[in-house]
Amino acid sequence: MSCRYLSLVFSLALLHGQPPYDLVIAGGRVMDPESRLDAPRHIGIRNGKIAAISAQPLAGKVTLAAAGRVVAPGFIDLHSHGHTNEANEYQAHDGVTTALELEVGVPNVGAWLKQRAGRAILNHGATASHGASRTVALREFAAEAPGWIDSPDSWRELMMKGRYKSMSSPEEFTVLGATLERGLREGGLGVGMAHQYYPGATREEIFRVFQMARRWKTPVYTHVRSMGADAMQEVIANAAATGVPLHIVHVNSMSLGELPLVLDLIESANQRGIDITTEAYPYTAASTFLETTMFDEGWQQRLGISYDGLQWVKTGERLTEKTFQEYRKEGGAVIMHFMKPEWIARAMASPFVIVASDGMPFAPGAHPRSAGTFARVLGRYVREQKVLSLMDALGKMTLLPARRLEPMAPAMKNKGRLRIGADADITVFDPASVIDTATFEKGLSFSTGIDHVLVNGVPVVRDGKTVPNVFPGQAVVGNYGKR
């Protein structure tokens, strides 16, 4: 679109008394999963909101050309552990506008949100951490616990401290409930429960937390107890018994070869009115920390791999028995190569499986999903393999995650859509070239084919480049106590 043409449009708008929009996205293929709109349109943005969607050109103080590109709602990542601006920059280049810490949550929601206020590239939010809160509640840690919970970044250390301990007294459950409720009152989006990492949590404890969540009318986001259908049945049964909305993270890596059965379980539960959602990332390898309980004795049988299936993130090397023992004492991130391509394709094809990254809490040097999840789905599973349609893929990245959050966070009703009045969280990409570039061997790199990314109407990526020193990200908070 020429500068002369844009100048003419701008002049005509002023002539007719129409003030120009703050920003216009001009001439893109607008795709909205909610309305199913798929047509050339111009989008006018004012005060961080979508103010116009027009078949006719619009005048803007700033105009972003989008001809030949798809204009979509900004991608919503329900499962991200990277909450520095360095990590968020990789996510922004993957089309993400909202990145949430829902799996494990944070020990102190209020402090975590305050730490990010006015300094965030992306929208952000978190659950109250069950793993951290249970350690605080354990009697043997009572003297030290108050200082731990006040740290916004201590979730992993807290989970590790209490991982083998079981709760055994009514007083401990009282403290657990009070600590979780505090997190909800401070804006938590639910309860984050990653109990594979703390096997001391009994089945009774997990059920009691579901009962608490029912009383608070809040969802549970869970990394289940172990790989396979049995662990899925535990949380599905708890959701059925209590009526608590349930979200199961990374169904691909937690189901492995039982994925078809697990998807059938979830679908059948939903057909009977039980509110369960799930997610997957588009890679055949998972990642976690080598010092965690996942690698306690018997891990080879549980994961279906041996030492050479593990890759040390710091060096890229595959492990041996000797290096496994050395690095486990040192502690650090490891990649687990244990999934099959057909499992990932099955998850991507399922109409109710949300796309989420499980991006690691640091960058660079992390699992490639931290930088390439959404572009990989669009490039590999939509364009190359045709596992699902472009509109359906966009729905898994925008509308479905927004709907998961809406009951607890009504602000999400204005995200994940392209309609007048919605937040101007928008991603513009080239469907013919979008793809991930990060690898297991070379680490993180920006996805390609993502042209523009707007967060609350402010470009954070423009013409494929980072816009420096802009921090438009806002907190997504729960409305506990206000309903």
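## The biggest hole inside

The largest cavity has a volume of about 260 Å³. Keep in mind that this is a predicted model, so to speak a computed picture throughout. Lining that largest cavity are 27 residues, and the ones nearest its centre are Glu-103, Tyr-197, His-223, Ser-287 and Thr-288. Four elements each give two or more residues to the lining: strand E7 (96–106), helix H6 (155–161), helix H10 (251–255) and strand E13 (285–289).

What is the chemical mix of the lining of the largest cavity? Nonpolar residues account for 15, polar ones for 8 and charged ones for 4.

## The other cavities

How many cavities of 30 Å³ or more turn up in the whole structure? The search finds 3. The second largest holds about 50 Å³ of space, and its lining is made of Glu-89, Ala-92, Ile-121, Val-460, Val-461, Thr-466, Val-467 and Val-470. Helix H2 (85–92) and strand E19 (458–462) are the elements that give two or more residues to this lining. By type, the lining residues of the second largest cavity split into 6 nonpolar, 1 polar and 1 charged.

## The overall chain

Stepping back, the chain's secondary structure comes to 17 helices and 20 strands. Its C-alpha trace spans about 75 × 50 × 45 Å along the principal axes. The radius of gyration is 22 Å, which agrees with the value near 23 Å that a compact globule of 483 residues would have.

## The eight-stranded parallel sheet

Strand E7, already met in the lining of the largest cavity, also belongs to an open sheet of 8 strands. The order is E6-E7-E8-E9-E10-E11-E12-E16, with parallel pairing. At the edges sit strand E6 (75–77) and strand E16 (353–355), each pairing on one side only. On average, neighbouring strands here are turned by 30° against each other, direction ignored. If you want a spot to look at, try the E6 and E7 pair: they run parallel over 3 bridges, and Ile-76 stands opposite Thr-98 in E7.

Which strands does helix H15 (residues 369–384) lie across? H15 crosses E6, E7 and E16, running at about 125° to E6. Helix H11 (residues 259–271) lies across strand E11 (246–248), strand E12 (276–280) and E16, and its angle to E12 is about 150°.

## The three-stranded antiparallel sheet

Strand E13, another contributor to the lining of the largest cavity, is part of an open sheet of 3 strands in the order E13-E15-E14, this one with antiparallel pairing. E13 and strand E14 (310–312) each have a single partner strand, so one side of each is left without a neighbour in the sheet. Neighbouring strands of this sheet are turned by 30° against each other on average, again ignoring direction.

E13 and strand E15 (residues 333–337) are joined antiparallel over 5 bridges. Within that pair, Ala-285 has His-337 of E15 as its bridge partner.

## Two hairpins early in the chain

Strand E1 (residues 21–32) and strand E2 (residues 37–46) run antiparallel and are joined by 8 bridges. Asp-32 is bridged to Leu-37 in E2. This hairpin has 4 residues between the strands, and Arg-36 takes a positive phi near 65°.

E2 then pairs with strand E3 (residues 49–54), antiparallel over 5 bridges, with Ile-43 partnered by Ile-53 in E3. How many residues lie between E2 and E3 in their hairpin? There are 2, and Asn-47 in the turn has a positive phi of about 55°.

## A look at Arg-119

Where does Arg-119 sit? You'll find Arg-119 in the loop between helix H3 (109–116) and strand E8 (123–129). Setting aside neighbours within four places in sequence, Arg-119 is in contact with Asn-85, Lys-114 and Phe-471. For a sense of distance, Arg-119 and Thr-277 are 158 residues apart in sequence, and their C-alpha atoms are 31 Å apart in space.

Note on methods:
Residues numbered from 1 in each chain as written. Predicted model: local features only at pLDDT ≥ 70, side-chain atom pairs only at ≥ 80, totals over all residues. Heavy atoms only, no water. 1 Å grid on protein atoms, 1.4 Å probe; cavity = no way out; pocket = protein on both sides within 12 Å on 5 of 7 lines; lining within 4 Å. Points joined across faces, edges and corners; volume = space filled by probe spheres on them. Nonpolar A, V, L, I, M, F, W, Y, C, P; charged D, E, K, R; others polar. Pairing = 2+ DSSP bridges. Axes fitted to C-alpha atoms, helices over the stretch in contact; angles between N-to-C directions. Contact = heavy atoms within 4.5 Å. Rg over C-alpha atoms; globule rule 2.2 N^0.38 Å.
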